[in-house]
Protein chains: 2
Amino acid sequence: MSERPLILITNDDGYAAKGLRVLMECAADYGDVVVMAPDRNASGLSHSFTSGRPLRVNDIERREGVVAYSCDGTPVDCVKLAIEHFCSRKPAVVLSGINHGSNSSVNVLYSGTMGAVIEASTYGFNAIGFSLTDHAKDANFDYCVPYIRQILSTTLANGLPEGVSLNVNFPIGQINGLRVCHEAKAHWADSFEHRVDPYGRSYWWLTGRFICDDDNPDTDERALAEGYASVVPTQPDYTSYEALPLLKKIYGVDR
Amino acid sequence: MSERPLILITNDDGYAAKGLRVLMECAADYGDVVVMAPDRNASGLSHSFTSGRPLRVNDIERREGVVAYSCDGTPVDCVKLAIEHFCSRKPAVVLSGINHGSNSSVNVLYSGTMGAVIEASTYGFNAIGFSLTDHAKDANFDYCVPYIRQILSTTLANGLPEGVSLNVNFPIGQINGLRVCHEAKAHWADSFEHRVDPYGRSYWWLTGRFICDDDNPDTDERALAEGYASVVPTQPDYTSYEALPLLKKIYGVDR
């Protein structure tokens, strides 16, 4: 029986994405790999899951140390289903990515890559999302690989604090080092382009611009802008603990 | 020109849901109401948005002080699109719900209702999600209404702290009061029922059980279990600030 750690991998760009293949090959040096990835591009699906219809699974690949499936669900579905039905033992770590495009700052909210990671962490698994700030299909992941190896081996050796997962983003090109940092405050300035179809009916296309005015030097955006990989420890509790006392006062309650 | 505040309303159960109608009627006493809600049940869509296809909008209702539309996007899409193209002025508050079913604790991660609320808060709007812990289509929202009035009028008068939105959940039946609290730690114990279709092919249906072992007395789950409405101040930063020093030490970096 194998004593190698089991490494579960998913993503949101779909099983055919280059970033997923790079992550698979990298992880295969550290353990037995199970891949369960969406059967299509599932970007922007955040933490969504599927309950209104059942899921289908396809066999993609099977070789020494690597088994890969695709599934018609969301990245969160992939994690849930793989852990229960497609992993022969408990994963030592759940990886997601390498995403084609940034998941830094507020992008983590929308990200299917990070949805899968945070989902895995709520079950108590070590989980890490990797993203490169390059949307290109043929993006060059070569500079990311040594950092992925470092972070993966460190996590396999030490684990992560309970309930904490990692959101790792890489800048394009050479990387100056690694920084442990927090999310930058930012938002998307959205606009919708109004168009009219050949039948005279309106439709709206989303476009947007990322706005970050956060000049704190310890953010992920700053790290990436200075050519560093950003490592943000991430947890799933949305509570604003700072706001609790003020709201208790406003509502006149002591708990 | 009207001086009444503009109140934007969405949900994830779809524009025909009873909970949305109750919230519309309630809000219409406080301002001019614009509704932009999904044209179908869009539960479990979390913070997902639509970029791969354009959005369509339908006129649903137009009467003194109330304009309602439906849209084929997600709850987050509804907020983005309504703010840019369907609100005549800046909303004083964005409301979501009343959801049929709980969005307490870790459920906030998956919730389209709260996805819309958190989205609105990243743009700097006051935003509140309301949910009743009853999935029934004909759920009784009567006991919620006085609390919605209190929270809505308080928010219109005072605003909310910057970047903070409210996640309000109601227990079924009579309500003992209101508590300001934090999310309970919990997770879903998922399982998938494996079935075989008439053509001999496998499919998997998600089922799940909510597991909360958190015995902290100041959680939303405790408040609901004791018959109180839970008000959780919510913010969109996933960073685990507690884990930063340990991770800096592990990776040997000072930032």
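Two residues are taken to be in contact, or to touch, if their C-beta atoms, placed from the backbone, lie within 7 Å. What is described here is a predicted model, in which local features need pLDDT of at least 70 and side-chain atom pairs count only at pLDDT 80 or more, while totals for chains, interfaces and linings use all residues. Residues are numbered from 1 along each chain as its sequence is written, and chains are lettered from A, with ligands numbered from 1, in the order in which they are written.

A good place to enter the structure is B:Leu109, which lies in helix H3 (residues 107-110) of chain B; helices (H or I, at least four residues) and strands (E, at least two) are DSSP runs, numbered from the N terminus. Leaving aside residues up to four places away in sequence, B:Leu109 touches A:His47, A:Ile118 and A:Pro236 as well as B:Ser46. B:Leu109 has 25 other C-beta atoms within 10 Å and is therefore buried, a term that requires 20 or more such atoms, whereas 12 or fewer make a residue exposed and counts in between make it partly exposed. From B:Leu109 to B:His47 the separation is 62 residues in sequence and 8.2 Å in space, C-alpha to C-alpha.

The interface as a whole brings 64 residues of chain A into contact with 64 residues of chain B. Among the elements of chain A that give two or more residues to this side are helix H2 (75-86), helix H3 (112-122), helix H4 (145-158) and strand S9 (187-196). By class, the residues on the side of chain A that touches chain B comprise 35 nonpolar, 19 polar and 10 charged, where Ala, Val, Leu, Ile, Met, Phe, Trp, Tyr, Cys and Pro count as nonpolar, Asp, Glu, Lys and Arg as charged, and the others, Gly among them, as polar.

A turn of 180° with a shift of 0.0 Å along the axis lays chain A on chain B with an RMSD of 0.0 Å, the superposition being made by least squares on the C-alpha atoms of residues with pLDDT of at least 70 in both copies. That is the relation of a two-fold axis. The same surface serves both copies, in that 100% of the contact residues of chain A recur in chain B.

Turning to the helices, helix H4 (residues 112-122) of chain B is mostly covered, with 11 of its 11 residues buried, including B:Met114, B:Val117 and B:Ile118. Just after H4(B), B:Gly124 takes a positive phi of about 90°. In helix H1 (residues 18-28) of chain A, the buried residues include A:Leu20, A:Leu23 and A:Met24, and among the elements that cover the buried residues of H1(A) are strand S1 (6-10), strand S2 (32-38) and H4 of chain A.

Some backbone details also deserve attention. The peptide bond from A:Gly97 to A:Ile98 is cis, with omega near -15°, and A:Ile98 has its place in strand S5 of chain A. In chain B, a cis peptide bond joins B:Gly97 and B:Ile98, with omega about -10°. Although A:Ser46 is not a glycine, its phi is positive, at about 55°; A:Ser46 sits in the loop between S2 and strand S3 (57-63) of chain A and counts as buried because it has 29 C-beta neighbours inside 10 Å. B:Ser105, likewise not a glycine, has a positive phi of about 50° and is found in the loop between S5 and H3 of chain B.
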